[in-house]
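Reader: I'd like a close look at one part of this model, please. Could you pick a pair of neighbouring strands, start from a single residue partnership, and work outwards from there?

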Amino acid sequence: MNSTKKLIKVVEPFALYKWAKNFKRIQDRFYGNKFKLRRIQQVEDFITLNNIKKVYHIDEVRLDLDLPTNTFTNTVEEADLILVTAQGYSRFPCIGIIEQIYKWLEKCNKLYLCLNRHYLNIDNQKIDLALPDEFQKAITSWLQQSLKDCTVIDLSKNYLDYGENFTWSLPDRHFYIEKK
Amino acid sequence: MKKLIENFSDFPMLENDQHHYIRYRMGRLKHQLWLYNRKRNEATIDTHDKFVLDNLQKGKTCIFGSAGYYLEDFISDLVVIEQWPIVKKFYPKAQIINDRSEISKHNGRIFDNFVVVNNRGDIWCELSVVEKHIGSYVKAMKTGCLFFYSFRDTQIVGWNRLKHDHYNYFYDFALHIEKTYHLNLLWHDIKFAEKTKDGAGNYDIMENPDTTNGNIKFVFEYKSKTKNIK
């Protein structure tokens, strides 16, 4: 170590991210707020075109969804659809994600779930299912095999994500799930 | 109606210093420590910084793509290399390169220590591309150079997180690097989140350990294997 006049304080690594809730708004400003993320339009279109009037939104990053304010409910019991865009659930173990989906479906039979592919299986557990080699197909197959009594529709666009697809503004893998 | 966008390249980004600075900062987390420490008599560093500092050998040290100026007070012969020209505005001593091949072209094979800590520019690619990046760094290393390399598993592309054993995937990569570049693996630390339910039956939403430095950490020695890592 070089000699320095400064006192040194050594701390455990701590998260230096400070933008979580505003991440989308910061990325919007990269373009002078002149664009709209296609996936956000997809969420809005899904709600509007399916005539869903009441949405319970579990969010993290502020998405600024362009829907009437009275669309959003304060409690899940009032909702026709649960919309999950919070990324934290993607950091549950896979078994925990499945358990959480069932908890949501007990309260509301329609779920629009956004998962961040890069966090899945965060704790490196062996998944005892026959899954496709291609990761995006494997995610869908894992959900469909794990939720056999549910309809799982993959609404995602397939692409390799090289960190340029705004995944931390809005997670990339979108699924509509309802109990059969 | 606003244009719909899916990828950074779908629409031209703004081109001004503020924009470049924000994008640089978002990807170089240790810049925050530099901002914090430069006006204080006490410097805060984390345990991984201390680990690197404790294990550096005498001689010239390169820190690439990692806001390395935050360690300037502690490293006597430091060369900071970045790929963002905006860095020159607040740290004029930085070398700015476009392509990694310029590191050895500009400096020669002169470094005794080469450090890359969670460089956003190194990740968001397949491991085969990381391998090529490392090939550029090796060309600037003297025999015996220590190479500290760390990154995050969640920002590596082109693997199936539901099928591959994560530990083996990254450890095998280190072994492949050993063979490819005469970089002997001296030390490694590969950690993933451990998830158990709390008393209420819920899981935490924490990320893998050490999002700042990366949860995949290696130390290699170039063309020799003589050093003990503490």
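Author: Happy to! Let's start with A:Leu83, whose bridge partner in strand S5 of chain A is A:Tyr112. Please keep in mind throughout that this is a predicted model.

That partnership belongs to a pairing of two strands. S4(A) and strand S5, residues 110-115 of chain A, run in the parallel sense and are linked over three bridges. Widening the view, these strands sit in an open sheet of five strands, with the order S3-S4-S5-S7-S6 in chain A and mixed pairing. Its edges are strand S3 (55-58) and strand S6 (150-154) of chain A, each of which pairs on one side only. On average, and with direction ignored, neighbouring strands of this sheet are turned by 20° against each other.

A helix lies against this sheet. H3(A) packs on the sheet and touches S3, S4, S5, S6 and strand S7 (173-179) of chain A. The direction of H3(A) makes about 150° with that of S5(A).

Now for the aromatic side of the picture. Over all chains, the structure holds 38 aromatic pairs. One of them is formed by A:Phe92 and B:Tyr203: the ring centres are 5.9 Å apart and the planes stand at 55°, so this pair counts as tilted. The cut-offs make the label clear, because planes under 30 degrees apart would count as stacked and over 60 as edge-to-face. This pair also leads back to our strand, since A:Phe92 lies in the loop between strand S4 (81-84) and helix H3 (94-107) of chain A. B:Tyr203 lies in the loop between strand S8 (183-190) and strand S9 (216-222) of chain B, so the pair joins two chains. Both partners are shielded: A:Phe92 is buried, with a relative accessible area of 6%, and B:Tyr203 is buried too, at 15%.

Right beside A:Phe92 in the numbering, A:Arg91 lies over the face of A:Tyr119, at 4.8 Å from the ring centre. A second arrangement of this kind has A:Arg117 over the face of A:Tyr159, with 5.0 Å to the ring centre. Chain B has an aromatic cluster, whose members include B:Phe64, B:Phe111, B:Tyr137, B:Trp159 and B:Phe218.

Another residue in contact with chain B is A:Gln41, found in helix H2 (residues 38-49) of chain A. At 13% relative accessibility, A:Gln41 counts as buried, because the limit for that label is under 20%. Leaving aside neighbours within four places in sequence, A:Gln41 is in contact with A:Lys36, B:Met1 and B:Leu4. From A:Gln41 to A:Tyr102 it is 61 residues in sequence and 27 Å in space, C-alpha to C-alpha.

Finally, let's step back to the chain that holds our starting residue. Chain A comes to four helices and seven strands, and from the N terminus on its elements run β-α-β-α-β-β-α-β-α-β-β. The C-alpha trace of chain A spans about 70 × 45 × 30 Å along its principal axes. Of the 180 residues in chain A, 54% are buried. Among the contacts in chain A with a separation of 6 or more, 68% come from residues 24 or more positions apart. Chain A exposes about 8600 Å², and carbon and sulfur atoms supply 49% of that area.

Notes
Residues are numbered from 1 along each chain as its sequence is written. Chains are lettered from A and ligands numbered from 1 in the order in which they are written. This is a predicted model: local features need pLDDT of at least 70, side-chain atom pairs count only at pLDDT 80 or more; totals for chains, interfaces and linings use all residues. Side-chain values use heavy atoms; hydrogens and water are left out. Rings of Phe, Tyr and Trp (its six-membered ring) pair if their centres lie within 6.5 Å; planes under 30 degrees apart count as stacked, over 60 as edge-to-face and the rest as tilted. Buried means under 20% relative accessible area, exposed over 50%, partly exposed in between (1.4 Å probe, protein chains only). A charge sits over a ring if NZ of Lys or CZ of Arg is within 6 Å of the ring centre and within 35 degrees of the ring normal. Two strands pair if DSSP finds at least two bridges between them. Axes are lines fitted to C-alpha atoms, for helices over the stretch in contact, and angles run from 0 to 180 degrees between N-to-C directions. Contact means heavy atoms within 4.5 Å. Accessible areas come from the Shrake-Rupley method with a 1.4 Å probe; for residues, only the protein chains shown count as cover.
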